[in-house]
Amino acid sequence: MRLVVVGGVAAGLSAASRARRLDPELEILVLEKGYDISYGACGLPYYIEGRAEDLSVYSADFFRRERKIEIRTAADVVSVLPTRRELTLSGGERITYDRLILATGARPNPPPEANRPVFCLHTFEDGRRLKDFLGEHRPARAAVMGGGYIGLEAAEALRTQGWRVTLFQESPYLLHRADAELTALLVAHLKTFRIDLRLGQRYDGSRYDLIVSATGLKPNAEIAAAAGIELGTTGAIRVSDRMETSANGIYAAGDCVELTHLVTGRPVWIALGTHANKAGRVAGANAAGGDARFPGVVGTSIVRVCGLGVALTGLSTEEARLEGFDVISASASAFDKAKYFRGRRTRVELTADRRTGRLLGGSVIGEDGAGGRINVIATALHRRMRVDEFEYLDLAYAPPFAPVYDPLLVTAHELLKKL
Ligand SMILES: Cc1cc2nc3c(=O)[nH]c(=O)nc-3n(C[C@H](O)[C@H](O)[C@H](O)COP(=O)(O)OP(=O)(O)OC[C@H]3O[C@@H](n4cnc5c(N)ncnc54)[C@H](O)[C@@H]3O)c2cc1C
């Protein structure tokens with residue numbers, strides 16, 4: 001029995017490793033069109049900044065030796081023929097499979113035409129190119145296109161190295177979150193780091209010495225579509241909670257698939273490594289004959305923006321309104337720990353459905369503890385908790401870590417007063 005996996009990074013190698021764990025006899029072949037496998041793209045901004053030396057996790061040799069997983073790089077799959085259980089590489093070679101996992105990821109929107117150095121920040125190769133460029137040039141003027149998390153991380157990494165950064169964001173919001181208050185807070189913060197933010201503006205074509213393009217992604221779903229595999233409403237591959245596609249014996253996971261949003265119950269395409277690894281694991285388990293399920297996501301993310309932790313989960317007030325909820329929200333700014341332990345203000349917002357009291361989303365912005373706090377809200381969203389159930393959660397307290405009323409509980413209290 002042969003399992004073939006297309007894509008050799010997060011979802012693909014999680015899938016292959018899980019399949020091997022469940023079935024020691026399975027023949028497993030991973031096909032990767034690039035030359036890098038098994039690396040943490042999430043570390044790219046820190047690699048650029050000089051904080052991380054190498055992003056590789058395991059080598060192809062490690063997979064061959066330790067996991068009996070064969071990996072072929074420079075193996076570009078151009079088509080899949082489900083009726084023959086066969087795929088074709090760009091050179092014309094045909095490879096048969098019994099089970100197939102598509103983990104082809106996503107690709108960045110093309111950068112603008114410009115007669116100056118333009119970079120994306122998506123693959124390890126992109127990171128190396130940009131790092132080499134920075135090493136060879138003195139800091140000058142850089143333009144970053146895109147105010148999503150990759151654009152913000154790139155802007156910070158360049159600023160840290162002395163570049164004068166102008167950040168263009170076409171929409172009026174940062175981080176793709178329809179949340180005016182959050183954007184206003186970040187605008188003020190970026191100003192203190194002397195990042196020139198042009199909100200609501202496209203890249204102006206001026207002379208910059210370097211351009212980083214981070215204007216969004218598209219799922220790599222074309223091979224699947226051409227093979228007759230169903231895509232979802234988001235344009236990514238539709239899968240069941242077992243990560244099965246519409247074609248028999250073909251699974252998919254990672255940035256190329258859409259998942260169920262557990263707050264709205266509707267399909268959503270959120271390209272993040274956190275899901276890619278978990279859903280890959282589920283695909284691998286099922287492809288090897290197991291029975292694993294991935295329930296869906298609540299849209300949790302966190303990013304560092306010039307020293308500030310910005311964490312989001314569920315729906316913003318605006319998004320919840322667009323989904324048809326009768327929305328009520330409250331925000332509070334409270335100390336994240338005792339002042340004598342360098343306590344700083346953390347801003348929390350919680351959004352709920354007025355009719356049922358059910359929590360719909362939240363955000364946490366603070367120098368410390370944003371990750372832990374957003375995970376509490378994310379857990380509450382998974383469990384469909386109401387605000388009154390959230391208000392007296394038994395959260396940890398000791399002066400070096402948190403105040404006796406955690407900022408989350410302070411905000412929940414404010415929200416309950418409005419409900
Ligand atoms: C700068 C940056 C920062 C990030 N930070 C975070 C973070 O902090 N937290 C987080 O959760 N996520 C983060 N992410 C997102 C995360 O890295 C991705 O969600 C994750 O890598 C997706 O994994 P994947 O395996 O689905 O796709 P990918 O990692 O894109 O891998 C897909 C692979 O498939 C290969 N492939 C595609 N088509 C073919 C084909 N036809 N034949 C053969 N091979 C093919 C590609 O070459 C690629 O190597 C970040 C991403 C970037 C770029």
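This report walks through some strands, loops and surface residues of the structure above. The model is a predicted one, so please read every value below as computed from it.

**The antiparallel sheet**

Let's start with an open sheet of five strands, ordered β18-β19-β22-β21-β20 and paired in the antiparallel sense. Its edges are β18 (301-305) and β20 (327-335), each of which pairs on one side only. From one strand to the next, the twist averages 10°. As background, strands of a sheet pair through backbone hydrogen bonds, either parallel or antiparallel.

At the β18 edge, five bridges join β18 to β19 (residues 308-314), and the two strands run antiparallel. One place to look is Val-305, whose bridge partner in β19 is Leu-308.

Which helix lies across these strands? Helix α6 (residues 180-192) lies across β18, β19, β20, β21 (345-353) and β22 (359-366), and runs at about 165° to β19.

Following the chain out of β19 brings us to Ser-316, in the loop between β19 and α9 (317-322). Is Ser-316 buried or exposed? Its relative accessible area is 0%, so Ser-316 counts as buried. Beyond its neighbours within four places in sequence, Ser-316 is in contact with Arg-177, Ala-178, Asp-179 and Thr-351.

**Two parallel strand pairs**

Elsewhere in the chain, two pairs of strands run in the parallel sense. The table sets them out.

| Strand pair | Bridges | A bridge partnership |
|---|---|---|
| β1 (residues 2-6) and β2 (residues 27-31) | five bridges, parallel | Val-4 with Leu-29 in β2 |
| β10 (residues 141-145) and β11 (residues 164-169) | five bridges, parallel | Val-144 with Leu-167 in β11 |

Strand β2 is largely enclosed by the rest of the structure, because four of its five residues are buried. Strand β11 is largely enclosed as well, because five of its six residues are buried.

Val-144 deserves a visit of its own. This valine sits in strand β10 and is buried, with a relative accessible area of 0%. What does Val-144 touch, not counting residues up to four places away in sequence? The contacts of Val-144 are Gly-151, Ala-155, Leu-158, Val-165, Thr-166, Leu-167, Phe-168 and Val-212. Leu-167, then, is both a contact of Val-144 and its bridge partner. For a sense of scale, Val-144 and Phe-294 are 150 residues apart in sequence, and their C-alpha atoms are 35 Å apart in space.

**Two residues with positive phi**

Next come two loop residues with a backbone feature to check on screen. Met-243 is not a glycine, although its phi is positive at about 65°. Met-243 belongs to the loop between α7 (222-226) and β15 (250-252). With a relative accessible area of 1%, Met-243 falls under the 20% cut-off and is therefore buried.

Arg-384 also has a positive phi, near 55°, and is a residue other than glycine. You will find Arg-384 in the loop between α10 (370-382) and α11.

**A nonpolar surface patch**

To finish, let's move to the surface. Which residues form a nonpolar patch there? The patch is formed by Tyr-392, Tyr-397, Val-404 and Tyr-405, which together have about 530 Å² of accessible area.

Within this patch, Tyr-397 lies in the loop between α11 (387-390) and α12 (407-418). Why does Tyr-397 count as partly exposed? Its relative accessibility is 46%, and partly exposed covers the range between 20% and 50%, so Tyr-397 belongs in that class.

Definitions and conventions: Residues are numbered from 1 along each chain as its sequence is written. This is a predicted model: local features need pLDDT of at least 70, side-chain atom pairs count only at pLDDT 80 or more; totals for chains, interfaces and linings use all residues. Side-chain values use heavy atoms; hydrogens and water are left out. Patches are made of residues with over 30% relative accessible area and no salt bridge: like charges are joined within 9 Å, nonpolar side chains (Val, Leu, Ile, Met, Phe, Trp, Tyr) within 5 Å. Accessible areas come from the Shrake-Rupley method with a 1.4 Å probe; for residues, only the protein chains shown count as cover. A salt bridge is a side-chain nitrogen of Lys or Arg within 4 Å of a carboxyl oxygen of Asp or Glu. Buried means under 20% relative accessible area, exposed over 50%, partly exposed in between (1.4 Å probe, protein chains only). Two strands pair if DSSP finds at least two bridges between them. Axes are lines fitted to C-alpha atoms, for helices over the stretch in contact, and angles run from 0 to 180 degrees between N-to-C directions. Contact means heavy atoms within 4.5 Å.
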